[in-house]
Amino acid sequence: AAKLVFLAALVALAAWIIELFVPTVALPVPATLIALGAGAVAFLLVLLKIVDKPGDGLGLSLGIWLALLASIAVIAGAYMRMNES
């Protein structure tokens, strides 16, 4: 699951980089929509990993909670950017 979350983060980052620095390339969908989808996939994968952990979840490392917060930040940033214009 960690590799898929990393891949989703790379997809979101690549879409934003292409939108910012390569204006001649036309993406099939807006970069904000790509980032929103990648953030949602990452959020669901991290949430599934947290819920799948047996016990009360207190034994989870700090990294999984940071990954959850980062995926929420990507979703919020993409949503705010979509509603900007």
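A residue is called buried when its relative accessible area is under 20%, exposed when that area is over 50%, and partly exposed in between, with a 1.4 Å probe and protein chains only as cover. The model in these exercises is predicted, so local features need pLDDT of at least 70 and side-chain atom pairs count only at pLDDT 80 or more, while totals for chains, interfaces and linings use all residues. Residues are numbered from 1 along each chain as its sequence is written, and side-chain values use heavy atoms, with hydrogens and water left out.

**Exercise 1. Decide whether Val-22 is buried, partly exposed or exposed, and find the surface patch to which Val-22 belongs.**

Step 1. Locate the residue: Val-22 sits in the loop between helix H1 (2–21) and helix H2 (31–52), where helices are DSSP runs of H or I with at least four residues, numbered from the N terminus.

Step 2. Val-22 has a relative accessible area of 32%, and therefore counts as partly exposed.

Step 3. Look for the patch: patches are made of residues with over 30% relative accessible area and no salt bridge, like charges being joined within 9 Å and nonpolar side chains (Val, Leu, Ile, Met, Phe, Trp, Tyr) within 5 Å. Val-22 belongs to a nonpolar surface patch together with Phe-6, Leu-10, Leu-13, Ile-17, Leu-20, Phe-21 and Val-25, and the accessible area of the patch is about 770 Å², as given by the Shrake-Rupley method with a 1.4 Å probe, in which only the protein chains shown count as cover for residues.

**Exercise 2. Compare the length of H1 with its expected span, and work out how the buried residues of H1 are arranged around its axis.**

Step 1. The expected span of a helix is 1.5 Å times one less than its number of residues. For H1, which has 20 residues, 28 Å is expected, and the distance from its first C-alpha to its last is close to this, at 28 Å.

Step 2. The buried residues of H1 are Val-5, Ala-8, Ala-12 and Ala-15. Seen down the axis of H1, these buried residues fall within an arc of 90 degrees, so they line one face of the helix, the arc being that of the directions from the helix axis to the C-beta atoms.

Step 3. On the other side of H1, the exposed residues are Ala-2, Lys-3, Phe-6 and Phe-21, whereas the buried residues of H1 pack against H2, with contact taken as heavy atoms within 4.5 Å.

**Exercise 3. Carry out the analysis for H2, and then examine Thr-32, which lies in this helix.**

Step 1. The 22 residues of H2 should span 32 Å, and its end C-alpha atoms are 31 Å apart, which agrees.

Step 2. The buried residues of H2 are Ala-31, Thr-32, Ala-35, Ala-38, Gly-39, Ala-42, Val-46 and Ile-50. Viewed down the axis of H2, they fall within an arc of 130 degrees, and so they line one face of the helix.

Step 3. The buried residues of H2 pack against H1 and helix H3 (62–82), while the face turned away from the buried side carries the exposed residues Leu-44, Leu-48, Val-51 and Asp-52.

Step 4. Thr-32 has a relative accessible area of 9% and is therefore buried. When its neighbours within four places in sequence are left aside, Thr-32 is in contact with Trp-16, Ala-78, Arg-81 and Met-82.

**Exercise 4. Describe the surroundings of Ser-71 in helix H3.**

Step 1. With a relative accessible area of 4%, Ser-71 is buried.

Step 2. Not counting residues up to four places away in sequence, Ser-71 touches Gly-39, Ala-42 and Phe-43.

**Exercise 5. Find how many salt bridges the whole structure holds, and trace the network that they form.**

Step 1. A salt bridge is a side-chain nitrogen of Lys or Arg within 4 Å of a carboxyl oxygen of Asp or Glu, and a search of the whole structure finds two.

Step 2. Arg-81 forms a salt bridge with Glu-19, their closest N and O atoms being 3.4 Å apart. This pair links distant parts of the chain, with Arg-81 in helix H3 and Glu-19 in helix H1, 62 residues apart.

Step 3. Arg-81 also meets Glu-84 in a salt bridge, at 3.9 Å from N to O, and Glu-19, Arg-81 and Glu-84 are thus linked in a network.

Step 4. Finally, consider accessibility: Arg-81, at 36%, counts as partly exposed, Glu-19, at 33%, counts as partly exposed, and Glu-84, at 62%, counts as exposed.

Key: Helices (H or I, at least four residues) and strands (E, at least two) are DSSP runs, numbered from the N terminus.
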